[in-house]
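This report introduces a single protein chain to a reader who has not met it before. The sequence and the model are shown first, and a description follows.

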Amino acid sequence: MSTLILALVAGAVIGLALGALGGGGSVLAVPALIYLLGFTPAAATTASLIIVTATSATALYTHAASGNVRWKTGLLFAAAGILPAIAAATLATRLPAAVLTAAFAVIAALAALRMLIPSDADRPALPARHTRAAGAGAGLGAVTGFLGVGGGFLAVPALVGVLGLRMRAAVGTSLLVITVNSLAALAARAGTQTPLQWAVIAPFAGAAILGAWDGKRLASKISGPTLQRIFAIALLAVAALMLTDALH
């Protein structure tokens with residue numbers, strides 16, 4: 001019962017972060033699964049992909065209903081990341097746990113720093129550069145497949161700066177990209193022997209989805225920059241913990 005409660009609480013917190021910040025919250029799923037619920041790093045990244053896929057697909061539906069998804073742009077961007085996501089997901093299942101933990105700590109720290117840096121959202125949109133877009137899509141796919149994170153903190157700036165989307169459309173379109181990449185990475189891991197604890201994953205994902213709805217209300221009461229700073233500081237602490245764990 002305690003495991004179920006932990007899964008529900010962790011899922012709700014991550015869902016709140018996702019709903020309030022519009023991206024970056026899923027990066028907490030892996031450390032929560034490892035340190036709170038006893039998953040191995042390989043099992044945690046696979047489980048995180050399931051959770052990310054479920055929450056991203058749900059959020060994608062709401063953004064699509066509001067007309068904030070650029071389907072053609074998002075699918076082209078996601079296409080560049082499918083093969084890297086599959087390759088990275090396959091590689092991740094063969095690496096030592098310490099390597100995965102250290103790599104995740106680095107990405108978590110980068111995500112936190114990205115949130116602490118002032119946003120470029122108000123800068124004029126740049127003309128699309130297809131080569132840069134393909135490179136950004138491939139990089140995002142590799143990160144998603146390797147570490148089991150959605151990568152919204154990478155996708156949104158890329159869609160704004162490389163493809164020239166406005167922020168609201170970039171957030172909605174990033175959910176399409178994340179969903180496609182996560183599904184590709186899951187397909188690559190389907191044949192592995194990593195055990196999946198559905199009794200933990202299902203309530204975790206359900207709580208994250210419900211928490212995301214409340215996160216939108218939270219965002220209306222607390223300023224976005226304040227929320228980002230709080231989340232970024234917590235994320236830096238988690239990254240330091242994971243890096244220390246990996247080195248020892």
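## Overall architecture

Along the sequence, the protein chain follows the pattern α-α-α-α-α-α-α-α-α-α. The chain holds 10 helices and zero strands. The model described here is predicted.

Among the contacts in the protein chain with a separation of 6 or more, 84% are accounted for by residues 24 or more positions apart.

## Burial and surface

The protein chain has 248 residues, and 47% of them count as buried. The area exposed by the chain is about 11400 Å². Carbon and sulfur atoms supply 69% of that area.

## Two residues of helix 3

Helix 3 spans residues 41–65. Two of its residues, Thr 45 and His 63, are described here.

Thr 45 has a relative accessibility of 3% and therefore counts as buried, since the cut-off for burial is under 20% relative accessible area. The side chain of Thr 45 reaches the backbone oxygen of Ala 42 at a distance of 2.9 Å. When neighbours within four places in sequence are left aside, Thr 45 is in contact with Val 30, Phe 146, Leu 147, Gly 148 and Arg 189.

Is His 63 buried or exposed? His 63 has a relative accessibility of 19% and so counts as buried, because burial requires a value under 20%. Not counting residues up to four places away in sequence, His 63 touches Asn 68, Val 69, Val 171, Gly 172 and Leu 175.

## A nonpolar patch on the surface

Which residues make the nonpolar surface patch? Val 106, Leu 110, Leu 113, Leu 116 and Leu 236 make this patch, with an area of about 400 Å². Helix 5, which covers residues 97–116, gives the patch its largest share, namely four residues.

Leu 116 is one of the residues that make the patch, and Leu 116 is found in helix 5. The relative accessible area of Leu 116 is 37%, so this residue is partly exposed. That class lies between the cut-off for buried, under 20%, and the cut-off for exposed, over 50%.

## Summary

In this predicted model, the chain has 10 helices and zero strands. Within helix 3, Thr 45 counts as buried, and His 63 of helix 3 also counts as buried. In helix 5, Leu 116 is partly exposed and belongs to the nonpolar surface patch.

Key. Residues numbered from 1 in each chain as written. Predicted model: local features only at pLDDT ≥ 70, side-chain atom pairs only at ≥ 80, totals over all residues. Heavy atoms only, no water. Patch = residues over 30% accessible without salt bridge, like charges linked within 9 Å, V, L, I, M, F, W, Y side chains within 5 Å. Areas by Shrake-Rupley, 256 points an atom, 1.4 Å probe, with all protein chains shown as cover. Salt bridge = Lys/Arg side-chain N within 4 Å of Asp/Glu carboxyl O. Buried < 20%, exposed > 50% of the residue type's maximum accessible area, 1.4 Å probe, protein only. Contact = heavy atoms within 4.5 Å. Polar contact = N/O pair within 3.5 Å; in protein donor to acceptor, adjacent residues only side chain to side chain.
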